[in-house]
Amino acid sequence: EQKGAESSRQAAGSKSWGEQLVEHDGYDGFKKSSASGRTSFRANVKATVTTTLAGAGGSGTGLLAPAYRDGELVRMERTELTIEDLLTVINVDSGSVDFARQTTRNNAAAPVAETEAKPYSDYSWESATVNVRTLAHLTKLSRQAIDDAPRLVGEVDSEMRYGLGLVKEQQYLYGNGTGQNLHGLMPQATAFALPAGVTNASVKFANRVDVLRMAMLTLQLAGAPVDGMVLNPLDWAMIELTKDENGGYAFSRPDAGLRSPGMWGTPIISTSAMLVDDFLIGSFKTGATAYKRMGVEVLISTENDKDFEQNLATMRAEERVALAVKRAYAFQKGKFSTAVGLLTATP
């Protein structure tokens with residue numbers, strides 16, 4: 001940014017074509033010769049920024065003043081990408097990943113008297129495979145932009161990488177597993193239900209906070225250590241704005257300063273990739289694994305389509321990933337509107 005600001009100041013102070021012309025070494029000779037007859041001279045001038053003309057009725061003082069060039073590149077808004085931070089991530093060098101998943105546990109272990117037959121336990125396993133999928137997109141750049149605005153090219157590179165990250169975040173959550181889609185967490189997670197021993201009369205004044213705690217309890221009873229909750233920013237804001245009967249904030253303090261959001265020692269991931277009213281809570285590190293076939297690759301070519309004819313270049317950004325939900329029971333999903341109803345006692 002400092003370099004951009006410096007170049008902008010230099011551009012603002014550069015001389016216009018008219019100023020360069022009258023200061024040229026040959027200009028004085030041209031004036032003397034023109035007094036006695038027709039003459040001409042050649043002057044090479046450097047490119048300068050566009051000059052501005054005074055408006056109607058103006059004094060004309062802006063005629064030779066170059067426009068100021070602000071070096072900042074103003075990008076559109078971006079959301080924070082965080083789902084992959086919750087997952088176990090493994091680099092691979094194949095197009096698919098095989099793993100074994102347990103399907104049966106019949107534990108017959110028991111105290112046994114001496115010389116008596118020991119009971120047999122029964123365990124079953126199945127083989128599962130997830131395929132590496134390609135996330136990619138293209139964009140066009142003019143050769144002039146590449147030659148004259150390397151900082152702009154860097155911003156386009158950044159935008160392309162962000163675009164891949166955004167679709168990957170959405171695929172991790174909602175990919176339906178068909179075609180070239182990943183099979184995401186939400187389609188495979190267990191639907192929210194009240195744990196054994198809890199009825200709709202167990203909780204008074206049920207709200208979103210109670211829903212998350214009940215989902216957490218269900219996973220704890222299943223032996224899945226909860227390490228993350230994923231919410232839409234709107235739902236998280238509604239939780240933070242929960243008030244008691246006296247109007248005081250029940251869950252947060254506006255004057256407490258900035259901190260990492262969380263509940264009961266569990267981090268909250270607030271992302272717009274999660275739909276409003278949806279929630280996901282789970283044991284992300286043990287329940288799912290993301291595999292990377294390669295990191296984000298960004299390439300520029302002038303040989304795509306009609307680029308050579310039209311003096312264009314094509315930028316391509318690509319990443320290859322897979323997602324395996326190994327323990328679907330380690331995730332609880334649902335909608336707050338429905339789950340709060342399950343916790344609300346019938347009048």
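## Briefing: T314 and a nonpolar surface patch

T314 is buried, its relative accessible area being 6%, which falls under the 20% limit for that class. The model is predicted. Its protein chain contains twelve helices and twelve strands, and T314 belongs to strand β11, which spans residues 312-325.

**Surroundings of T314**
- The side chain of T314 forms a polar contact of 2.6 Å with the side chain of D307.
- A polar contact of 2.9 Å links the side chain of T314 with that of K140.
- When neighbours within four places in sequence are set aside, the contacts of T314 comprise L138, T139, K140, L299, I300, S301, N304 and D307.
- K140 and D307, the partners in these polar contacts, thus also appear in that list of contacts.

**Nonpolar surface patch**
- A nonpolar patch on the surface is formed by L234, M238, L241, Y249 and V276, with a combined accessible area of about 420 Å².
- One of these residues, V276, is located in the loop that runs between β8 (266-270) and β9 (278-282).
- V276 counts as partly exposed because its relative accessibility is 47%, a value between the 20% and 50% limits.

**The chain as a whole**
- The protein chain has 347 residues, of which 31% count as buried.
- The accessible surface of the protein chain amounts to about 21,600 Å², and carbon and sulfur atoms contribute 51% of that surface.
- Among contacts in the protein chain with a separation of 6 or more, 75% are between residues 24 or more positions apart.

Terms used: Residues are numbered from 1 along each chain as its sequence is written. This is a predicted model: local features need pLDDT of at least 70, side-chain atom pairs count only at pLDDT 80 or more; totals for chains, interfaces and linings use all residues. Side-chain values use heavy atoms; hydrogens and water are left out. Helices (H or I, at least four residues) and strands (E, at least two) are DSSP runs, numbered from the N terminus. Buried means under 20% relative accessible area, exposed over 50%, partly exposed in between (1.4 Å probe, protein chains only). A polar contact is a pair of N or O atoms within 3.5 Å; within protein, one must be able to donate a hydrogen and the other to accept it, and residues adjacent in sequence count only if both atoms are side-chain atoms. Contact means heavy atoms within 4.5 Å. Patches are made of residues with over 30% relative accessible area and no salt bridge: like charges are joined within 9 Å, nonpolar side chains (Val, Leu, Ile, Met, Phe, Trp, Tyr) within 5 Å. Accessible areas come from the Shrake-Rupley method with a 1.4 Å probe; for residues, only the protein chains shown count as cover. A salt bridge is a side-chain nitrogen of Lys or Arg within 4 Å of a carboxyl oxygen of Asp or Glu.
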